[in-house]
Amino acid sequence: MEVTYKRAEMKDIDLLVKIRTEVLRAANRLSDDTDMTFVEQQSREYYEEHLQAETHVAYLVFYGGKVAGAGGISFFRVMPTCHNPTGWKAYIMNMYTAPDYRRKGIAYHTLELLTEEAKSRGIKHISLEATDMGRPLYERFGFVKMNHEMELPEDRIFLFSNGDKGKGQ
């Protein structure tokens, strides 16, 4: 059977949102009865804005006419640095291959398409978040663990939002 890779268009938003919900359920081990209404709404708004602005590119993968997978890449700009003089970065997300289609090279080729999108824009800084299942694929592709990035957990953001900056609790 033939595998087809299609760059998503505005008319594909319903399918993109459906796949996004599946990805989040799988990655976060959520049950089918977990309410995803708000996330679906926000994902729809995201796709509508960013597909049109071309700050997000998504690929849909079909195997014998059925959805076999997907992947996306978001482009954003931060302050320029010596190591990234343009400030442009890319973030790969929503990588998914349906269970029946895994181990056929679909995710690897999707990564090739997504990184080619970044390369065509001159973007040299590409990152992603890896699940335990996806990590071997990303390492085989050439991604390496980042050692110099940190994240402020959500509970700490709200802790300091009351004007009590750095005084502790």
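In which helix of the chain is confidence lowest, and in which element is it highest? The low end is helix α5 (residues 154–159), with a mean of 78, while α2 holds the high end at 98. Please keep in mind as you look around that this is a predicted model. Across the chain the mean pLDDT is 92, and 93% of the residues reach 70 or more. Here is a short tour, from the overall layout down to a few residues you may like to pick out on screen.

**Overall layout**

- The chain is built from five helices and five strands.
- Reading from the N terminus, the order of these elements is β-α-α-β-β-β-α-β-α-α.
- The C-alpha trace spans about 60 × 45 × 35 Å along its principal axes.
- Among contacts with a separation of 6 or more, 59% join residues that are 24 or more positions apart.

**Surface and charge**

- The accessible surface of the chain is about 11,700 Å², and carbon and sulfur atoms make up 52% of that area.
- Of the 169 residues, 33% count as buried.
- The chain carries 23 positive and 25 negative charges, and the mean positions of the two sets lie 5 Å apart.

**Nonpolar cores**

- In soluble globular proteins, nonpolar side chains tend to be buried together.
- The largest nonpolar core here has 19 residues, and the members that touch the most others are L16, I19, Y47, L60, A68 and Y101.
- Helices α1 (13–27) and α2 (37–53), together with strands β2 (56–63) and β3 (66–77), each contribute at least two residues to this core.
- A further core of 16 residues lies apart from the largest one, and its members include F75, L114, L128 and Y138.
- A68 is a good place to zoom in: leaving out residues up to four places away in sequence, A68 touches V61, F62, Y63, Y96, T97, A98, Y101 and I106.

**The N-terminal end**

- M1 sits in the segment before β1 (3–7).
- Is M1 buried or exposed? M1 counts as exposed because its relative accessibility is 78%, above the 50% cut-off.
- M1 and Y63 are 62 residues apart in sequence, yet their C-alpha atoms are 6.8 Å apart in space.
- Beyond its neighbours within four places in sequence, M1 is in contact with Y63 and G64.

**Two residues with positive phi**

- R29, found in the loop between α1 and α2, has a positive phi of about 50° although it is not a glycine.
- With a relative accessible area of 76%, R29 is exposed.
- E54 belongs to the loop between α2 and β2, and E54 also has a positive phi, of about 60°, without being a glycine.
- At 47% relative accessibility E54 falls between the 20% and 50% cut-offs, so E54 counts as partly exposed.

**A proline in a loop**

- P80 is located in the loop that links β3 to β4 (88–97).
- Which residues does P80 touch, not counting those up to four places away in sequence? They are P85, T86 and G87.
- The relative accessible area of P80 is 43%, so P80 is partly exposed.

Notes. Residues numbered from 1 in each chain as written. Predicted model: local features only at pLDDT ≥ 70, side-chain atom pairs only at ≥ 80, totals over all residues. Heavy atoms only, no water. Helix = DSSP H or I, 4+ residues; strand = E, 2+ residues; numbered from the N terminus. Buried < 20%, exposed > 50% of the residue type's maximum accessible area, 1.4 Å probe, protein only. Contact = heavy atoms within 4.5 Å. Areas by Shrake-Rupley, 256 points an atom, 1.4 Å probe, with all protein chains shown as cover. Lys, Arg positive; Asp, Glu negative; His and termini not counted. Charge placed at Lys NZ, Arg CZ, Asp CG, Glu CD. Core = buried A, V, L, I, M, F, W, Y, C linked by side-chain atoms within 4.5 Å. pLDDT = per-residue confidence, 0-100.
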